[in-house]
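Me: I'm new to this structure and would like a close look at one part of it. Could you walk me through the hairpin and then show me how it fits into its surroundings?

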Amino acid sequence: MGTVPVEATRSERTAGPVATVVVVVGDGDGDGDSGGTAESARAGEAPRIGEAARAGESVRFAEALWPAESSWAAGSARTARSARPTPADRSGKAPEPPPSAARRRTARAPLLVAVALLLTVVHQARPAPYGDRLAPHARVDHARATPPPSRPPLRTTGGAVEAYDAATGRARWTYAREGRRPLAVLPARGHAIALWDDGLVTDTTRHDGSAVRWHRALPGTTRWLADHGATGVLRLLGDGMLAVITPERVAAYRVADGDLRWILPARPGCRFVPARAVRHGGVLLIARPCPAEDRWTAGLVAVDDLGIVAPHRAPLGNGRRDESRGAGHPHPGKVVAPPR
């Protein structure tokens, strides 16, 4: 009996370490046939090994060569078999899913509907921003069929801003904020601008009170408003601009959308006095006492919708982009008299 080493095939060398296959040749009688048997082993064993691998016996071959890795080979074969797609029936259509999956989808639909309804209820039940409570009370005299006025008068009634009918005195709409009190209301064309005790400025649709257009906060004014009130704080400027005057600054907002256009801060040691502001044509004169200044002109500031009045200034373009600005300021530079 003799042994002949057979070199591993090419696929075996790439798949793992090089192995030596030992083939037992002969029947043990020592008759010298080992050479022929060895030739048959070299000429025939390797092809038979390749054929067995191509025929699907790679797992058994791996068990014979590497017993420790037979479990990995078997697992790979099972994974390959399980990954095959489900064959279609004779009609060419894929098989229908099991009834249990359809039942799960049917049971899931009411749950999704319930979640959507819950989210809708939560969204509608959330509190209004800034504690707004807007209540329209539009009443039309059907006997005379007169349309409601587009500019109803405005007033403050305790804790709300109210638009009312001048003929009957009945409220058309009321606007209140939870826990807050309006200090002043300024009527404008199509707008009802109000100042509240927490330093918030709001704009409401005037003719029907259908919406609150914008909210703007005045920082650091709550205590000052409680001590001095709101006299002269809200002032209208030309071309749809609102001036809000506080001791520290004058801020101008575009009435249409509440956009902040410019800010004029008081000088160091000086303070604006809103109650001592006078309108002269298109210019608003605001008192600004300055103890350190000797000139009386230093205690007075002139502003309009473009800002502080000064010669040869450039316009700010306060109109919105979708609006065509008229020739309200053909010459933005202001000619002022020199001080005497």
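Reply: Thr 157 stands opposite Ala 160 in S5, so let's start at that pair, keeping in mind that this is a predicted model. The two strands here are S4, covering residues 154–157, and S5, covering residues 160–164. They pair in the antiparallel sense, over four bridges. Two residues sit between the strands of this hairpin, and Gly 158 takes a positive phi near 65 degrees.

Now move along the hairpin to another facing pair. Arg 155 stands opposite Glu 162 in S5. These two residues also form a salt bridge, with their closest N and O atoms 2.6 Å apart. In general, side chains of opposite charge can pair when their charged atoms come close. How buried or exposed are the two partners, Arg 155 and Glu 162? Arg 155 has 30% relative accessibility, so it counts as partly exposed. Glu 162 has a relative accessible area of 11%, and because the cut-off for buried is under 20%, Glu 162 counts as buried.

Next, step back to the sheet that holds the hairpin. Four strands make up an open sheet in the order S3-S6-S5-S4, and the pairing is antiparallel. S3 and S4 are the edge strands, each pairing on one side only. From one strand to the next, the twist averages 20 degrees. As a general point for reading a sheet like this, side chains in a regular strand alternate between the two faces of the sheet.

The other edge of that sheet has a salt bridge to look at too. Arg 133 and Glu 178 meet through their side chains, at 3.7 Å from N to O. This pair links distant parts of the chain: Arg 133 belongs to strand S3 (residues 132–136), while Glu 178 is in the loop between strand S6 (171–177) and strand S7 (182–188), and the two are 45 residues apart. Both Glu 178 and Arg 133 are exposed. A search of the whole structure finds nine salt bridges, and the pairs Arg 155–Glu 162 and Glu 178–Arg 133 have now come up.

There is another open sheet of four strands further along, and you can read it in a similar way. Its order is S11-S12-S13-S14, with antiparallel pairing. The edge strands are S11 (234–237) and S14 (260–265), each pairing on one side only. Neighbouring strands of this sheet are turned by 20 degrees against each other on average, direction ignored. Inside it, S12 (residues 241–245) and S13 (residues 249–254) pair in the antiparallel sense over five bridges. One facing pair there is Met 241, which stands opposite Arg 254 in S13.

Arg 254 is worth following a little further. Its side chain meets that of Asp 259 in a salt bridge, at 3.5 Å from N to O. Arg 254 is buried, with a relative accessible area of 11%, whereas Asp 259 counts as partly exposed at 26% relative accessibility. There's also a network of salt bridges here, linking Arg 254, Asp 257, Asp 259 and Arg 261.

Two other spots help you get your bearings. One is Val 283, in strand S16 (residues 283–287). Its C-alpha atom is separated by 5.0 Å from that of Asp 304, although the two residues are 21 apart along the chain. Leaving aside neighbours within four places in sequence, Val 283 is in contact with Val 278, Ala 302, Val 303 and Val 309.

The other spot is on a helix. Leu 111 lies in helix H5 (residues 99–125), and together with Val 115 and Leu 119 it makes a nonpolar surface patch of about 290 Å². Leu 111 counts as exposed, because its relative accessibility is 54% and the cut-off for exposed is over 50%.

Finally, here's the whole chain around your hairpin. The chain has six helices and 18 strands. Of its 340 residues, 31% count as buried. The accessible surface comes to about 22,000 Å², and 56% of that belongs to carbon and sulfur atoms. Among contacts between residues at least 6 apart in sequence, 40% join residues at least 24 apart.

Note on methods: Residues numbered from 1 in each chain as written. Predicted model: local features only at pLDDT ≥ 70, side-chain atom pairs only at ≥ 80, totals over all residues. Heavy atoms only, no water. Buried < 20%, exposed > 50% of the residue type's maximum accessible area, 1.4 Å probe, protein only. Contact = heavy atoms within 4.5 Å. Areas by Shrake-Rupley, 256 points an atom, 1.4 Å probe, with all protein chains shown as cover. Pairing = 2+ DSSP bridges. Axes fitted to C-alpha atoms, helices over the stretch in contact; angles between N-to-C directions. Patch = residues over 30% accessible without salt bridge, like charges linked within 9 Å, V, L, I, M, F, W, Y side chains within 5 Å. Salt bridge = Lys/Arg side-chain N within 4 Å of Asp/Glu carboxyl O.
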